[in-house]
Each structure stands twice: as C-alpha cells, then as structure tokens.
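Welcome, and thanks for taking a look at this chain with us. Please keep the viewer open while you read, as the text below walks from place to place.

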Amino acid sequence: LKYILQNYIWSVAYSPDGKHVLSGSSGGKMVLWNTSFGQPVKTSVGSEDFLDPRVNAVSFSSDGEYALSGGSDNSVRLWNAKNLTQIKSFIGHSNLEGIHEVAFSPDGKYALSSDYDSKIKIWDIASGSEWKALSGHTGMYGASAKFFPNGKQVISAGDASTRIWDVSTGEEVASMIAFEDGEWII
C-alpha cells in the first residue's frame with residue numbers, strides 16, 4: 001500500500017511542443033517524461049510536506065521554457081522546464097491540503113494558483129511577489145482557475161459558482177451561480 005500511495009499521480013501537463021509530459025505525484029515528486037520513448041528524463045522534489053508530500057498541480061508556460069508546480073506544502077514553484085531546476089518559490093498560501101491548481105498567463109508574466117481553501121492568487125513572476133488576491137469562493141474543496149486566452153481575465157470555479165475576474169484590478173466582473181433545481185443566475 002505504501003508503494004502505491006508513493007506513486008499516485010495527482011497532475012499531468014503536456015509541453016506545448018508535445019515532446020514532454022510533466023507529472024506531479026505523491027512522495028513530493030515531479031517527473032519530466034519524454035513522450036517519444038515513454039521514459040523519465042528528470043525527477044525533482046516539488047513538495048516537502050512532512051506528512052503526505054504531494055505535487056497536486058503542474059503546468060507549462062506557453063513557450064515551454066518554464067513549469068509551475070503546486071504542492072501539499074502550500075508552495076508554488078517556478079522551474080526551468082528543460083532540466084527541472086527550481087528558479088523561485090512563491091509563498092503566501094496556508095491551508096491543510098495545499099495547492100489545487102497552477103497556471104501561467106499567456107504572456108508568461110504572471111502565475112496563478114488556487115488552494116483547497118478556495119483562495120486564488122496571481123503572482124508577478126519577475127518579482128516573485130503576490131500581485132493580486134481574488135477573493136470570493138468559499139468551501140474546502142478548492143477552486144480551479146485559468147487565465148482567458150487574452151490574459152485580461154481569469155475564470156474560476158468553486159463552491160456552486162463560476163466567476164470571471166479582471167486581472168488588472170483583481171475585481172470580480174461576473175458571477176454565475178447554479179442552483180440545485182437547475183436554475184442559474186449571473
């Protein structure tokens with residue numbers, strides 16, 4: 001059982017050129033795979049939680065040069081995607097389960113992370129600091145979030161709502177709420 005839990009994969013992402021897959025797993029491991037041969041290229045530690053280290057989320061930048069990881073230790077880490085060398089870490093989440101989702105903005109200037117307490121943060125990659133916090137979702141199951149293709153908005157889903165945010169202000173633009181009877185409201 002311990003072997004199975006240590007090798008449980010929590011997240012995968014394809015590189016933009018399709019030549020590599022990045023996986024995040026239990027044991028705090030990240031593995032970069034060559035898709036042509038199905039072989040691991042490099043393994044790194046992406047989470048150092050002492051109870052149950054997991055890499056819950058991984059993502060590639062649009063140019064394939066960088067990767068993000070989100071761990072059960074609440075770390076959001078920026079990596080050189082070619083050799084899985086850590087470049088920097090973004091600190092600011094604090095919950096029991098860690099990071100739920102990570103993503104890059106289309107222009108590569110910002111990183112997005114959400115945690116299992118439904119907190120969403122936008123990080124300025126150059127400075128390594130929190131740029132915006134998007135607050136509105138509640139619940140302990142986490143929120144998922146992604147940038148729009150134009151990079152000007154973020155869409156997030158969590159609790160019983162889907163929300164659209166303005167990246168420049170961090171303000172909520174719209175909230176779409178579904179009800180148990182099938183009705184909805186914006």
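## A tour of the predicted model

Asparagine 74 sits in the loop that connects strand S6 (66–71) with S7. The model you are viewing is a predicted one. In this model, the phi angle of asparagine 74 is near 70°, which is a positive value for a residue other than glycine. Is asparagine 74 buried or exposed? With a relative accessibility of 12%, asparagine 74 counts as buried.

A second case of this kind is worth a look. Leucine 84 also has a positive phi, about 50°, although leucine 84 is not a glycine. Its place is the loop between S7 and S8, and at 3% relative accessibility leucine 84 counts as buried. The loop between S7 and strand S8 (85–90) holds asparagine 83 as well. Asparagine 83 is partly exposed, having a relative accessible area of 35%. From the C-alpha atom of asparagine 83 to that of serine 175 the separation is 40 Å, and these two residues are 92 residues apart along the chain.

### How confident is the prediction?

The chain has a mean pLDDT of 89, and 95% of its residues reach 70 or more. Which elements mark the lowest and highest mean pLDDT? Helix H1 (residues 2–6) has the lowest, with a mean of 48, while strand S7 (residues 76–80) has the highest, with 97. At the start of the chain, pLDDT stays under 50 over residues 1–5. For residues 1–5 the model has 1 contact beyond four places in sequence.

A little further along, glycine 27 lies in the loop between strand S2 (20–25) and strand S3 (29–34). Glycine 27 counts as partly exposed at 37% relative accessibility. The C-alpha atoms of glycine 27 and tyrosine 8 are 8.4 Å apart in space, and the two residues are 19 apart in sequence.

### Salt bridges

Now to the charged side chains. Side chains of opposite charge can pair when their charged atoms come close. How many salt bridges does the structure hold? There are 7 salt bridges in the structure, and three of them are set out here.

| Pair | Closest N to O distance |
|---|---|
| Aspartate 73 and arginine 77 | 3.0 Å |
| Lysine 146 and glutamate 101 | 2.9 Å |
| Glutamate 172 and arginine 163 | 2.9 Å |

Lysine 146 is part of strand S13 and glutamate 101 is part of strand S9 (residues 99–104), so their salt bridge ties together parts that are 45 residues apart in sequence. Lysine 146 counts as partly exposed at 39% relative accessibility, whereas glutamate 101 counts as buried at 16%.

The pair of aspartate 73 and arginine 77 belongs to a wider arrangement: Glu48, Asp73 and Arg77 are linked in a network of salt bridges. Here aspartate 73 is partly exposed, with a relative accessible area of 24%, and arginine 77 counts as buried at 6% relative accessibility. For the remaining pair in the table, glutamate 172 is partly exposed with a relative accessible area of 33%, and arginine 163 is buried with 13%.

### The nonpolar core and a surface patch

Which residues make up the largest nonpolar core? This core has 12 residues: Ala103, Tyr110, Leu112, Ile120, Ile122, Leu134, Ala143, Ala145, Phe147, Val154, Trp165 and Val167. Strand S10 (110–115), strand S11 (120–124) and strand S13 (144–147) are the elements that give two or more residues to this core.

Isoleucine 120 is a good residue from which to look around. Apart from its neighbours within four places in sequence, isoleucine 120 is in contact with Leu112, Ser113, Ser114, Lys132, Ala133, Leu134, His137, Ala143, Ala145 and Ser156.

Nonpolar side chains also appear at the surface. Ile177, Phe179 and Ile185 make a nonpolar surface patch of about 260 Å². One of these residues, isoleucine 185, has its place in strand S17 (residues 184–185). Isoleucine 185 counts as partly exposed because its relative accessibility is 45%, and the range for that class runs from 20% to 50%.

Definitions and conventions: Residues are numbered from 1 along each chain as its sequence is written. This is a predicted model: local features need pLDDT of at least 70, side-chain atom pairs count only at pLDDT 80 or more; totals for chains, interfaces and linings use all residues. Side-chain values use heavy atoms; hydrogens and water are left out. pLDDT is the predictor's confidence in each residue, from 0 to 100. Helices (H or I, at least four residues) and strands (E, at least two) are DSSP runs, numbered from the N terminus. Contact means heavy atoms within 4.5 Å. A nonpolar core is a set of buried Ala, Val, Leu, Ile, Met, Phe, Trp, Tyr and Cys residues joined through side-chain atoms within 4.5 Å. Buried means under 20% relative accessible area, exposed over 50%, partly exposed in between (1.4 Å probe, protein chains only). Patches are made of residues with over 30% relative accessible area and no salt bridge: like charges are joined within 9 Å, nonpolar side chains (Val, Leu, Ile, Met, Phe, Trp, Tyr) within 5 Å. Accessible areas come from the Shrake-Rupley method with a 1.4 Å probe; for residues, only the protein chains shown count as cover. A salt bridge is a side-chain nitrogen of Lys or Arg within 4 Å of a carboxyl oxygen of Asp or Glu.
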